[in-house]
Amino acid sequence: MQGITTIIFDVGGVLITPSEKVTPFILSELFQVPLEKTLAAYKAAIPDLRVGKMGLRDVMNTLREEYGSQRSIEELVAEYKKYYLKQALVDAEMADMARALSSRYTLVAFTNMIDLHIDCNTERGLFAAFADTIFSSKIGVAKPSPEAFARLLGAVKAPASACLFLDDKEENISQALAQGLNAYKFTTFAELTGYLQKEGLL
């Protein structure tokens, strides 16, 4: 693949454990309520969480009031962050690959990550290899909407044809291709490594 200057990474499910696999479990533990309750609350909130219309604190405050927790919201947030950092594991091989690629390409993180997770992952240096980070909860639109990709292309300093978008969800890949980006869907590190090597990018 010729002319690639910018590689755009999804984050959840690519660099770290995706939020849907950890957040309802953490909330269930924090509030000592059945998982199905926190799973339902999280699923109902996720569209607004992803575009910044609400924060995870709002979800936690609702659960706090509903289940009569005596702990303050700040105590609950602090405890949530501790759980998250233990359970949302960084894929070390992917992180190493990102660091290696950052010496040759401009790396951009483009993710539907929610507010508290952005804080946690920034604090632990997950985005250090990235020249830019584009968070749906900060720009107000989420993948796979065309507007989110338009905002991405408005932010990166490269034409779509010079960008490679990497993600693990078909709907995001389809939209990236529709916007003129090069794109590749993968589910394993070995799969991505093979692709990048085949294309002469690694």
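I will talk through the largest pocket of this structure, then one lysine, and then the cysteines, and please keep in mind throughout that the model is predicted.

Let me begin with the pocket. The space in the largest pocket comes to about 300 Å³, and of the 22 residues that line it, those closest to its centre are Gly 12, Glu 20, Arg 50, Asn 112 and Lys 169. If we ask which helices supply at least two residues each to that lining, they are α2, which runs over residues 35-50, and α9, which runs over 170-178; of these, α2 gives the largest share, with 3 residues. In terms of chemical character, the lining of the largest pocket divides into 8 nonpolar residues, 8 polar ones and 6 charged ones.

Now to Lys 81, which sits in helix α4, spanning residues 73-87. Is this lysine buried or exposed? Its relative accessible area is 19%, and because the cut-off for buried is under 20%, Lys 81 counts as buried. Leaving aside residues up to four places away in sequence, the contacts of Lys 81 are Leu 116, Asp 119, Cys 120 and Glu 123.

That list of contacts includes Cys 120, which brings me to the cysteines. Cys 120 has a relative accessibility of 1% and therefore counts as buried, and Cys 163, at 0%, is likewise classed as buried. How many disulfides does a search of the whole structure find? The search returns 0, so no pair of cysteine sulfur atoms in the model lies within 2.5 Å.

Note on methods. Residues numbered from 1 in each chain as written. Predicted model: local features only at pLDDT ≥ 70, side-chain atom pairs only at ≥ 80, totals over all residues. Heavy atoms only, no water. Buried < 20%, exposed > 50% of the residue type's maximum accessible area, 1.4 Å probe, protein only. 1 Å grid on protein atoms, 1.4 Å probe; cavity = no way out; pocket = protein on both sides within 12 Å on 5 of 7 lines; lining within 4 Å. Points joined across faces, edges and corners; volume = space filled by probe spheres on them. Helix = DSSP H or I, 4+ residues; strand = E, 2+ residues; numbered from the N terminus. Nonpolar A, V, L, I, M, F, W, Y, C, P; charged D, E, K, R; others polar. Contact = heavy atoms within 4.5 Å.
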